[in-house]
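Student: I have a structure open and would like to work through it with you. Could we take it one question at a time?

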Amino acid sequence: MSVSGTAGGRIAPGVGANLIGQHAHDRNQDATVYVGNLDPQVTEELVWELFTQAGPIVNVYLPKDRVTNSHQGYGFVEYRAEEDADYSIKVLNMVKLYGKAIRINKASQDKNSNEVGANLFIGNLDPEVDEKLLYDTFSAFGVIINTPKLMRDPDTGNSKGFGFVSYDCFEASDACIEAMNGQYLCNRQITVSYAYKKDTKGERH
């Protein structure tokens, strides 16, 4: 039974998955890098110019918002060779474009989701917010890999007002921060940011 090119009639979960799905099956995933934290002024031409320094590029794709037609702060660069993709991560990660440090990592879909690091810290939550509401709200941006964790007081069981959500890819977590940081949930303005372990300063190279 072959289901090449279609999802077998299944609707892909989440908005993020659809955006990726449009182009994912055409791409050589191993030679593709994901680029995040792009300033609104960044264009596909600029990304092409910067990334071509690491090697020959096949395609640059910045998903556009259908209403405003501006990109959503992330994109993909497909190289001809996997080595060039790896090299671009080494030399271009954290380069600043319009004052924002871009973040680059491999776009491969098949890596173990626990190693992705797309874990978000959600703060300033109303006491009414529970795990289900977190799941319902945040699953709009992509695939959530395990039940959202809400920190609770061990004695009373009451929410401490913060929790964690883990996605299966950075595309989803970036879209989520972009859309949800500073938004109101149950009449309180929540904060959404990357959750780093206390003993590390982000990702080491």
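Student: Is Asn124 buried, partly exposed or exposed?

Tutor: Keep in mind that we are looking at a predicted model. Asn124 is found in the loop between β7 and α4. Buried would require under 20% relative accessible area and exposed over 50%. At 37% relative accessibility, Asn124 counts as partly exposed.

Student: Which sign does phi of Asn124 have, and near what value is it?

Tutor: Most residues other than glycine have a negative phi. Asn124 goes the other way: its phi is positive, near 60 degrees.

Student: Asn69 has a positive phi too. What is its relative accessible area?

Tutor: Asn69 has a phi of about 60 degrees although it is not a glycine, and it lies in the loop between β2 and β3. The cut-off for exposed is over 50%. Asn69 is exposed, with a relative accessible area of 54%.

Student: Let's turn to the sheets. In the open sheet that contains β8, β9, β7 and β12, which strands stand at the edges?

Tutor: Four strands form this antiparallel sheet, in the order β8-β9-β7-β12. From one strand to the next, the twist averages 25 degrees. An edge strand has a single partner, so one side of it is left without a neighbour in the sheet; that applies to β8 (149-152) and β12.

Student: In β9, what is the bridge partner of Leu150?

Tutor: β8 and strand β9 (residues 159-166) run antiparallel and are joined by three bridges. The partner of Leu150 in β9 is Gly163.

Student: At about what angle to β8 does α4 run?

Tutor: Helix α4 lies across β7, β8, β9 and β12. Its angle to β8 is about 150 degrees.

Student: Which element gives the largest share of the largest nonpolar core?

Tutor: That core has 26 residues, and those with the most contacts inside it include Ile122, Phe138, Cys176 and Val192. The elements giving two or more residues to it are β3 (74-79), β7 (119-123), α4 (131-138), α5 (170-180) and β12 (191-194). The largest share, four residues, comes from α5.

Student: How many residues does the other core, the one with Leu50 and Phe51, have?

Tutor: This core lies apart from the one we just discussed, and Ile57 and Ile104 are also among its members. Its size is 20 residues.

Student: What is the strand order in the open sheet that contains β1?

Tutor: Four strands take part, with antiparallel pairing. β2 (57-61) and β6 (103-106) each have a single partner strand, so they stand at the edges. Inside the sheet, β1 (residues 32-36) and β3 pair over five bridges, with Gly36 opposite Tyr74. The order is β2-β3-β1-β6.

Student: At about what angle to β1 does α5 run?

Tutor: α5 lies across β7 and β12, at about 150 degrees to β12. α5 also lies across β1, β3 and β6. Its angle to β1 is about 15 degrees.

Student: Last one: what is the nearest side chain of opposite charge to Asp84, and how far away is it?

Tutor: Asp84 lies in helix α3, and its contacts beyond four places in sequence are Ala54, Gly55, Pro56 and Tyr79. Asp84 is buried yet has no salt bridge. A salt bridge needs a nitrogen of Lys or Arg within 4 Å of a carboxyl oxygen. The nearest side chain of opposite charge is Arg80, 7.9 Å away.

Methods
Residues are numbered from 1 along each chain as its sequence is written. This is a predicted model: local features need pLDDT of at least 70, side-chain atom pairs count only at pLDDT 80 or more; totals for chains, interfaces and linings use all residues. Side-chain values use heavy atoms; hydrogens and water are left out. A nonpolar core is a set of buried Ala, Val, Leu, Ile, Met, Phe, Trp, Tyr and Cys residues joined through side-chain atoms within 4.5 Å. Buried means under 20% relative accessible area, exposed over 50%, partly exposed in between (1.4 Å probe, protein chains only). Two strands pair if DSSP finds at least two bridges between them. Contact means heavy atoms within 4.5 Å. Axes are lines fitted to C-alpha atoms, for helices over the stretch in contact, and angles run from 0 to 180 degrees between N-to-C directions. Lys and Arg count as positive and Asp and Glu as negative; His and the chain ends are not counted.
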